[in-house]
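The following note sets out a series of points to be read beside the sequence and the model. Each point takes up one part of the structure in turn.

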Amino acid sequence: MTDPSPAKTITVRDAAARLDVTPRTLKYYEELGIVVPVRSEGGYRLYEQADLDKLARVLRMRSLGFSLTAITTMLQQPMEAPAEGGRPRLSNASLKTLRETLTGQLGTLDARVAQVRRELKEAASLQAQLRRDLDYVERRLAGEPVEEALEQRRKERPAS
């Protein structure tokens with residue numbers, strides 16, 4: 001690719017400074033496909049005004065609490081023509097696509113939360129068992145007779 005005119009593009013460092021983000025953030029957004037900056041002959045990223053506008057929009061959406069998944073999906077959807085004096089808006093079809101994407105992700109996350117809760121319950125059970133084991137060992141090391149330590153262990157054993 002030929003080197004774009006310097007007046008029309010800026011470097012990653014300048015773009016990051018203008019947007020008040022790190023160069024790594026810009027690279028991450030590129031990895032997500034949010035923007036694809038042009039490259040100089042030397043392979044450096046160069047941002048055009050359209051890239052900066054898109055990135056500023058992404059940053060505004062992030063500040064409003066939208067996830068990068070939602071933002072990426074929204075950016076991929078066609079926009080309706082703006083009403084006079086207004087901004088372009090997502091069409092109903094685009095909003096439905098976004099809803100499907102977010103609903104699917106929420107379902108996946110709900111399933112993961114349920115799995116983590118099961119794992120935590122199992123871990124808590126194992127933790128309680130290990131505490132009983134340690135208590136038995138501590139009693140034995142303190143000189144308590146085996147029968148007394150075992151009797152205490154039977155008393156502390158949870159009902160199954």
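1. Surface patch. Leu 134, Val 137 and Leu 141 together make a nonpolar patch of about 310 Å² on the surface of this predicted model. Of these residues, Leu 134 belongs to helix H5, which covers residues 92-141.

2. The sheet. Three strands form an open sheet in the order E1-E3-E2, and their pairing is antiparallel. E1 and E2 are the edge strands, since each of them pairs on one side only. As general background, the strands of a sheet pair through backbone hydrogen bonds, in either a parallel or an antiparallel manner.

3. Pairing of E1 with E3. Strand E1 (residues 9-11) and strand E3 (residues 45-48) run antiparallel and are joined by 3 bridges. To locate this pairing in the model, the reader may begin at Thr 9, which stands opposite Glu 48 in E3.

4. Pairing of E2 with E3. Strand E2 (residues 38-39) also runs antiparallel to E3, with 2 bridges between them. Here Arg 39 stands opposite Arg 45 in E3. The two strands E2 and E3 form a hairpin, with 5 residues between them. In the turn, Gly 43 has a positive phi of about 90 degrees.

5. Helix H4. How many of the 9 residues of helix H4 (residues 68-76) are buried? The count is 7, so the helix is largely enclosed by the rest of the structure. The buried residues are Leu 68, Ala 70, Ile 71, Thr 72, Thr 73, Met 74 and Leu 75. Their cover includes helix H2 (23-31), helix H3 (49-63), strand E5 (89-90) and H5.

6. The aromatic pair. The structure holds 1 aromatic pair. The ring centres of Tyr 28 and Tyr 29 are 6.4 Å apart and the ring planes stand at 40 degrees, so the pair is described as tilted. A tilted pair is one whose planes are neither under 30 degrees apart, which would count as stacked, nor over 60, which would count as edge-to-face. Are these two residues buried or partly exposed? Tyr 28 is partly exposed, its relative accessible area being 36%, whereas Tyr 29 is buried, with 6% relative accessibility.

7. Salt bridges in general. Side chains of opposite charge can pair when their charged atoms come close. In the whole structure, 10 salt bridges are found. One of them is between the side chains of Arg 112 and Glu 119, at 4.0 Å from N to O. Arg 112 is partly exposed, at 45% relative accessibility. Glu 119 is likewise partly exposed, at 37%.

8. A link between H5 and H6. Another salt bridge is formed by Arg 153 and Asp 133, whose closest N and O atoms are 2.4 Å apart. Because Arg 153 lies in helix H6 and Asp 133 in helix H5, the pair ties together parts that are 20 residues apart in sequence. Arg 153 is partly exposed, with 26% relative accessibility. Asp 133 is also partly exposed, at 26%.

9. A pair within H5. Asp 135 and Arg 139 form a salt bridge in which the closest N and O atoms are 2.9 Å apart. These residues are separated by about one helical turn, because they are 4 residues apart in helix H5. Asp 135 has a relative accessible area of 28% and is partly exposed. Arg 139 is partly exposed as well, with a value of 22%. Salt bridges that share partners join Asp 135, Arg 139, Glu 144 and Glu 156 into one network.

10. Glu 144. Where is Glu 144 placed? This residue is in the loop between H5 and helix H6 (146-156). Its relative accessible area is 18%, and Glu 144 is therefore buried, since buried means under 20%. When residues up to four places away in sequence are not counted, Glu 144 touches Arg 139 and Ala 149. Glu 144 is thus a buried loop residue that also takes part in the network described under the previous point.

Definitions and conventions. Residues numbered from 1 in each chain as written. Predicted model: local features only at pLDDT ≥ 70, side-chain atom pairs only at ≥ 80, totals over all residues. Heavy atoms only, no water. Patch = residues over 30% accessible without salt bridge, like charges linked within 9 Å, V, L, I, M, F, W, Y side chains within 5 Å. Areas by Shrake-Rupley, 256 points an atom, 1.4 Å probe, with all protein chains shown as cover. Pairing = 2+ DSSP bridges. Buried < 20%, exposed > 50% of the residue type's maximum accessible area, 1.4 Å probe, protein only. Contact = heavy atoms within 4.5 Å. Phe/Tyr/Trp six-rings, centres within 6.5 Å; stacked < 30°, edge-to-face > 60°.
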